[in-house]
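Colleague: Please take one helix packing in this model, look at it closely, and then work outward from there to the parts of the chain that connect to it. I would like one continuous account, with any unusual backbone positions placed where they belong.

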Amino acid sequence: MKRSFTALVALILAAACAPQEQQPANDLKVLISVDMEGIAGAVHSEEMGRTGKDYDLFRVIMTEEANAAIEGALAAGATDILVRDAHGSARNILPDLLRREALLLRDWSGGPLGMVEGIDETFHAVVFVGYHAKAGTPDAILQHTMTGRVADISINGISMPEAGINALIAGEFGVPVVFVAGDQAICDESWEILGDVVCVATKQGIGDERSAALSLHPEVAQEKIRDGVERAIRARGEYSPYRLEPPYTMVLQLRTLEHVERAATYPGAVRTGEMELTYTSDDLMEVITAFAEMR
Ligand SMILES: [Zn+2]
């Protein structure tokens with residue numbers, strides 16, 4: 001039997017907390033999606049993966065930033081917190097250092113929800129930590145959009161960073177993004193797309209193709225994340241789920257002809273330029289799935 005994620009979590013919580021107190025009216029469920037490129041101090045791809053010598057340090061800082069967001073959510077009254085490890089292998093956050101009030105979702109299921117897997121309509125707010133700007137953004141640290149192959153993705157004419165795509169997925173379930181942490185460039189892009197979300201800039205990028213980083217101390221960044229998440233979740237009623245009007249038209253620019261030709265074989269994909277493909281559907285999740293297959 002296949003159970004929904006919510007049913008699974010309910011089972012785990014029921015087993016852990018029996019006898020169960022039922023407080024459905026007061027529950028406040030928060031999903032925290034944690035990427036790595038936007039955490040304080042990080043500047044280079046060698047720090048982002050397990051073959052890099054400094055990776056172990058930065059996974060501790062990533063875990064600490066997740067903890068700061070959990071603490072902010074708890075201070076705002078969160079009753080259920082799901083942390084989604086959303087970087088690379090999705091096996092970066094150190095489970096034993098993560099605050100015990102949260103459940104941790106690790107690795108990829110292959111499903112379309114990706115960086116916000118676990119989201120459903122029972123959640124009240126989504127928080128992004130460690131996020132980075134879209135491919136091609138100047139003065140942005142470790143900028144890219146999902147893979148190194150994507151030059152740009154737009155949906156209904158809006159060029160999207162990962163934060164925008166993930167906010168659309170959450171919006172499909174009626175859940176607003178209330179908070180973003182990452183470099184200054186992703187704060188600027190988030191404000192442009194999502195409006196007045198709370199954003200904490202952990203660092204400022206300097207340079208185009210690659211960037212230097214002028215960063216806050218990790219502890220200072222964590223204090224700002226804790227305070228910002230609390231403030232944002234308390235104000236969750238002021239935020240709307242991020243939605244666009246169907247039909248949803250994705251225009252995808254890839255960097256190599258080889259990848260364009262491969263992506264063009266995806267059913268429904270139309271080649272609309274040398275390096276460009278277009279895909280349209282009334283179903284947002286079909287577009288998200290197409291992007292996952294074509295990128
Ligand atoms: Zn990442």
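Modeller: I will begin with helix H2 (residues 55–75) and helix H5, whose axes come within 7 Å and cross at roughly 30°; please bear in mind throughout that this is a predicted model. The crossing of these two helices, H2 and H5, is right-handed. On the H2 side the contact is made by Ile-61, Glu-64, Glu-65, Ala-68, Ala-69, Glu-71, Gly-72, Ala-73 and Ala-75, and these meet Pro-218, Ala-221, Gln-222, Ile-225, Arg-226, Val-229, Glu-230, Ile-233 and Arg-234 on the side of H5. Sorted by class, the residues of this H2–H5 contact comprise 10 nonpolar, two polar and six charged.

Following the chain onward from H5 (218–234), one enters the loop that leads to strand S10 (248–254), and Pro-247 lies in that loop. The peptide bond that joins Pro-246 to Pro-247 is cis, with its omega near 0°. Tyr-248 then has Ser-281 of S12 as its bridge partner, and S10 and strand S12 (residues 276–281) are joined by six bridges and run antiparallel.

This pair belongs to an open sheet of five strands, ordered S6-S5-S10-S12-S11, in which the pairing is antiparallel. Strand S6 and strand S11 (270–273) stand at its edges with a single partner strand each, so that one side of each has no neighbour in the sheet. Asn-156 sits in the loop between S5 and strand S6 (158–159). The phi of Asn-156 is positive, about 50°, although the residue is not a glycine, and Asn-156 is partly exposed, with a relative accessible area of 29%.

A second helix packing can be set beside that of H2 and H5: helix H3 (residues 162–172) and helix H7 (residues 284–294) pack at an angle of about 150°, with their axes 10 Å apart. At that angle H3 and H7 are roughly antiparallel to each other, because the cut-off for this description is over 145 degrees. The crossing of H3 and H7 is left-handed. H3 brings Ile-165, Leu-168, Ile-169 and Glu-172 to the contact, while H7 brings Leu-284, Met-285, Ile-288 and Phe-291. By class, the contact of H3 with H7 has seven nonpolar residues, no polar ones and one charged residue.

H3 also leads to the other sheet, which is open, has seven strands in the order S3-S2-S1-S4-S7-S8-S9, and shows mixed pairing. Its edges are held by strand S3 (102–105) and strand S9 (212–215), and since each has a single partner strand, one side of each is left without a neighbour in the sheet. From one strand to the next, the twist in this sheet averages 20°. Within the sheet, S4 and strand S7 (residues 177–183) run parallel and are joined by four bridges, and Val-127 stands opposite Phe-179 in S7. H3 packs on this sheet, touching S4 and S7, and its direction makes about 160° with that of S4.

One further backbone position belongs here, since the loop between strand S4 (125–131) and strand S5 (150–155) contains Asp-139, whose surroundings leave it partly exposed at a relative accessible area of 34%. Asp-139 too has a positive phi, about 50°, although it is not a glycine.

Technical notes:
Residues numbered from 1 in each chain as written. Predicted model: local features only at pLDDT ≥ 70, side-chain atom pairs only at ≥ 80, totals over all residues. Heavy atoms only, no water. Buried < 20%, exposed > 50% of the residue type's maximum accessible area, 1.4 Å probe, protein only. Pairing = 2+ DSSP bridges. Axes fitted to C-alpha atoms, helices over the stretch in contact; angles between N-to-C directions. Parallel < 35°, antiparallel > 145°, perpendicular 65-115°, else oblique. Left-handed = near helix turned anticlockwise from the far one by under 90°. Contact = heavy atoms within 4.5 Å. Nonpolar A, V, L, I, M, F, W, Y, C, P; charged D, E, K, R; others polar.
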